[in-house]
Amino acid sequence: MGLTGRRLEVDRIATLAVLPRESAMVVVGDPGSGRSSVLDAVSNRVSLPVVRVGVNGSESHWPLAGVASLFTALDDPRATAHIAHLLQGNAPADRQTPGLAAAHDFLDAVHALTLPPTLVLIDDLDRMDVESQELIAFLASRLAGTALRVVATVRTVPSNGPLAALPMLRIEPLPADEALVLARAMAPEEANDGVLAVLAEETGGNPGALREQLAVLSREQLNGSEPLVLPLRPTPTTEAIAALALGTVAGRDLDVLARLALVPVAKTTGWDRDELDDLANAGLTSVKGQTVSVRDPLVRSALYWRMPARDRRAAHTEMAAASAECDPRAAAWHRSFVDDVPDVVALLRAARSYVVDGNAQAAVVLTERALHIGGGTEDEHGALLGVAEALLANRLLGFAARYLAAIRPFRAMADETRRLRLEYSVQYLSGDAVHADELLVPVDPTNAAEADAVGGLLAMVACFRAEAWELDQAKDLLARAEPLRRSASVHTVEITETARELIAAVEGSLPADTELHDGLSTTTLVAMSDPALLLLAHALSIAERYRSARRVFALVLARGQEAQPVWTEAARYLSAENEVRSGNFRQALRAIDVWEAGSSVVERLREPSRAIAIAWRHFAEGRSAEALEVVDRCLAQRSTNRLWGATAKLHALRGRVLLLDGRLDEAAASLEAADAIGRSLRNPAVLRHLGDLVEAYTRLDRIDDARTVAARLAADHHARPSRWGALVLARSLALVADDTTRETARRRALELFQPHDSQFERARTFAALAAIGSTTERPRLGAAAAAAYEAAGLRRPLATPVASVAMPSFGLQSSLRSGPVLSASMPGTPRSAPDASTVLTSLTAEERAVVQKVTEGYRNREIASSLFMSQRTVELRLTQIYRKVGARSRSHLVALLT
């Protein structure tokens with residue numbers, strides 16, 4: 001299993017290996033944080049010889065045992081003699097500490113060795129004997145002339161200790177998204193994703209604690225059929241972290257902290273504010289507004305379970321009475337431990353209230369407790385449904401699905417409709433197919449409330465089917481909803497109408513803007529609900545009315561806090577997709593960045609929409625390998641096997657990336673898969689893969705196949721005309737034209753473009769014609785393609801590669817990959833573009849290191865952090881690099897090198 005996260009940490013340590021001078025670093029991390037795994041990743045990454053020094057805890061009381069281990073690991077025959085000399089001169093009878101003379105003897109011994117540049121990785125230096133720690137710290141600050149780069153990991157660095165003066169790198173807990181990815185990789189296949197999300201939160205992003213919890217939980221708890229007991233019972237890593245955090249806490253502070261550990265979150269009212277401030281200043285609690293909680297869930301776990309059960313119950317009784325008036329949610333939690341018949345509904349209502357306030361972690365703790373003590377009554381399930389609905393509204397799909405699975409079908413139609421609405425929404429947003437077999441039951445149209453609920457549910461599922469291009473099923477659902485329209489609410493009517501508009505857009509028959517919602521008047525649009533606006537905007541985008549779609553998306557985003565997070569997130573993603581479809585890549589990249597930065601959702605690459613957006617961003621920024629990795633990972637998930645529309649989009653994107661990378665056979669295979677899945681979709685402007693397939697076949701000399709696909713594209717376009725279809729059809733016909741019509745077809749393909757058309761499609765046309773053009777045409781068409789790619793906003797120009805040579809490495813590491821490069825005569829690169837070797841040899845070593853990070857997609861702040869320089873220095877180096885190589889921009893610089 002590969003290392004999850006820690007990219008920045010590994011990069012910073014690996015940088016030591018390429019620096020021209022000797023240097024040292026101390027890596028500080030809590031128990032279980034993955035310090036050893038980071039060193040493993042570094043040893044596999046660097047090209048220097050690596051010496052790994054481990055620590056045997058049983059030898060920590062032997063003086064100089066650590067130094068002996070270091071000398072033994074170094075590849076020099078004289079090391080054994082130096083070990084004997086050091087041990088002789090520092091016998092216990094002669095000294096109590098190594099002393100300055102012993103330190104200089106050690107330094108002289110290292111200088112006497114004949115070593116190549118070597119990276120020394122010392123794991124758990126703080127577990128070595130004290131004498132060795134002091135000597136190695138002395139050496140680390142005087143490495144000049146030793147050819148050594150030293151990296152040592154420790155749990156803590158005392159401010160008065162020998163390592164305090166060395167550069168430090170802190171390994172922080174994993175963010176929630178990376179912790180969840182790690183949990184999925186560690187857990188058995190049947191583990192419930194919501195349970196894994198709970199474990200990722202409750203272990204505080206600590207990989208070691210997460211691994212131990214996965215090992216001790218029962219199979220039933222992991223698959224979600226039994227509730228979790230929270231806080232989690234402490235494991236060895238939990239106890240070790242708590243011991244470090246609580247080492248200096250005692251007396252009254254420890255008592256207050258132990259009582260705080262009994263509740264997920266509490267109001268500050270009724271607590272000693274001075275005590276809370278002291279604990280917050282020590283980093284042990286988190287105070288947000290009028291609430292306080294123990295900051296580290298592992299510390300809370302240790303404190304909670306250290307208290308005897310009898311004492312815990314007495315404390316819960318006391319705190320339930322104290323918080324009854326000032327903090328009823330905390331009181332409901334405390335009473336669940338002391339009442340003979342706990343009020344489970346009150347506990348679940350408190351949990352829902354926490355979700356609404358944005359504290360999902362506290363809500364999960366209360367909900368797991370309710371599942372543990374509940375009796376499974378209809379009222380309890382109704383309250384649990386409210387919690388799951390609030391979680392879905394905040395786009396917390398894993399949690400929503402986890403609690404939805406615990407709810408039985410309701411007898412009352414109104415509640416059952418709510419449950420089905422939630423179930424279908426979670427399935428769709430998670431990237432699964434929505435079958436909705438339960439909707440086959442008959443409905444009483446005379447019952448207004450029931451008819452409205454079922455009609456709205458039918459319209460919602462019709463939208464899901466339309467989005468998945470299952471148009472016949474979507475129309476059937478709307479036909480079944482039509483008899484219920486008389487009893488439908490305004491909201492249900494809105495959803496039904498916009499569902500029809502979405503179906504029409506996918507079919508290529510959406511009415512003109514003037515015929516939609518009073519000509520898309522602002523007054524009418526402002527009165528519409530968020531989901532109705534999103535459906536309308538998405539339909540406009542599919543129909544290539546990008547400006548109108550942009551305006552409608554903006555209305556949803558302008559509502560800010562008034563809109564539920566699930567709709568805000570959908571608006572951000574769909575608006576980014578709108579810019580991608582329009583060819584406005586600069587705006588698309590900004591929209592994706594805003595979406596990712598403002599999203600509270602845990603990263604879920606299983607969701608096709610999110611995977612497509614992330615992969616597209618990698619592709620647009622020139623990181624094709626990362627784009628393909630994201631797509632392949634999503635395709636490997638079973639959830640997308642049944643959602644065929646999303647699967648077709650993934651294959652189409654994969655084919656496009658491979659095509660523009662010149663991997664023609666693989667591109668054709670992916671595009672054929674997309675075509676096979678989406679064959680029933682007759683609107684070519686939706687999936688947009690046929691033009692790519694024609695180009696792939698043409699460049700593979702499969703002209704007959706290319707002409708067959710071009711004929712299909714022509715027939716579909718004439719039945720459902722669109723501007724995109726006209727541009728791509730003209731390009732396809734130019735690619736498959738015979739000798740008698742080739743010049744006319746190519747001229748038409750180029751002359752058809754208007755200033756407002758997609759610059760990306762213009763670039764694709766130039767590059768495709770250059771790939772099959774004559775030797776004299778290629779430089780001109782290639783330069784035009786590069787300019788159009790730049791105008792489209794790609795952060796590095798893409799081109800259709802032709803025969804090329806492999807790029808030499810010039811001493812750089814993995815970022816300047818071996819593979820095809822664009823020469824001056826190749827499509828997509830101006831004729832005056834310098835050769836990669838000329839670019840690199842004109843730079844200093846420091847400038848080449850900056851260039852390496854730029855080609856890996858790093859921003860200036862990240863480059864500064866990884867190369868140990870200021871951001872201003874990075875900006876100055878880039879200015880010098882641009883001047884030396886003649887680059888106009890960051891993307892142009894990358895184009896010169898790739």
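These notebook entries record what I looked up in a predicted model, under the topics of salt bridges, cavities and aromatic rings.

**Entry 1. Salt bridges**

I began with charged side chains, since side chains of opposite charge can pair when their charged atoms come close. My search of the structure returned 48 salt bridges.

I looked first at R6 and E9, whose side chains form a salt bridge with an N to O distance of 3.8 Å. I then asked whether R6 is buried or exposed. R6 has a relative accessible area of 7%, so I entered R6 as buried, the limit being under 20%. For E9 the relative accessibility is 13%, and E9 therefore counts as buried by that limit.

Next I examined R170 and D30, which meet through their side chains in a salt bridge of 3.1 Å, N to O. Which parts of the chain does this pair link? R170 belongs to strand β5 (residues 168-171), while D30 lies in the loop between β1 (24-29) and α2 (35-45). I noted that the two residues are 140 residues apart and that the pair links distant parts of the chain. I recorded R170 as partly exposed because its relative accessibility is 36%, between the limits of 20% and 50%. D30 is also partly exposed, at a relative accessible area of 23%.

The third pair I took up was D692 and R656, a salt bridge between side chains at 3.0 Å, N to O. Here D692 sits in helix α37 (residues 690-699) and R656 in helix α34 (residues 644-660), so that distant parts of the chain, 36 residues apart, are linked. I found that D692 and R656 are both buried. I then followed shared partners outward from this pair: salt bridges join R656, D692, E695, R699 and R764 into one network.

**Entry 2. Cavities**

I turned to empty space within the model. Searching the whole structure, I found nine cavities of 30 Å³ or more. I chose the second largest cavity for a closer look and noted a volume of about 70 Å³.

Which residues line the second largest cavity? I listed G678, L681, R682, N683, P684, L687, R688, H689, L690, R712 and D716. Helices α36 (684-687) and α38 (703-719) each contribute at least two residues to this lining. By residue class, I sorted the lining into four nonpolar, three polar and four charged residues.

**Entry 3. Aromatic rings**

A pair of aromatic rings is described by the distance of the centres and the angle of the planes. I found seven aromatic pairs in the whole structure. For W333 and F337, the ring centres are 4.9 Å apart and the planes stand at 70°, so I entered the pair as edge-to-face. Both residues lie in helix α16 (residues 328-338), four residues apart, which is about one turn of the helix. I checked burial for this pair as well: W333 and F337 are both buried.

F337 has a further contact, with R369, whose charged end sits over the ring of F337 at 3.8 Å from its centre. I also noted R233, which lies over the face of W305, 4.0 Å from the ring centre.

Finally, I asked which residues ring pairs link into a cluster. I recorded F585, W616, F760 and Y789 as its members.

Key:
Residues are numbered from 1 along each chain as its sequence is written. This is a predicted model: local features need pLDDT of at least 70, side-chain atom pairs count only at pLDDT 80 or more; totals for chains, interfaces and linings use all residues. Side-chain values use heavy atoms; hydrogens and water are left out. A salt bridge is a side-chain nitrogen of Lys or Arg within 4 Å of a carboxyl oxygen of Asp or Glu. Buried means under 20% relative accessible area, exposed over 50%, partly exposed in between (1.4 Å probe, protein chains only). On a 1 Å grid over the protein atoms alone, a cavity is a set of points where a 1.4 Å probe fits but cannot get out, and a pocket is an open set with protein on both sides within 12 Å along at least five of seven lines; lining residues have an atom within 4 Å of a point. Grid points are joined across faces, edges and corners, and a volume is the space filled by probe spheres set on the points. Ala, Val, Leu, Ile, Met, Phe, Trp, Tyr, Cys and Pro count as nonpolar, Asp, Glu, Lys and Arg as charged, and the others, Gly among them, as polar. Rings of Phe, Tyr and Trp (its six-membered ring) pair if their centres lie within 6.5 Å; planes under 30 degrees apart count as stacked, over 60 as edge-to-face and the rest as tilted. A charge sits over a ring if NZ of Lys or CZ of Arg is within 6 Å of the ring centre and within 35 degrees of the ring normal.
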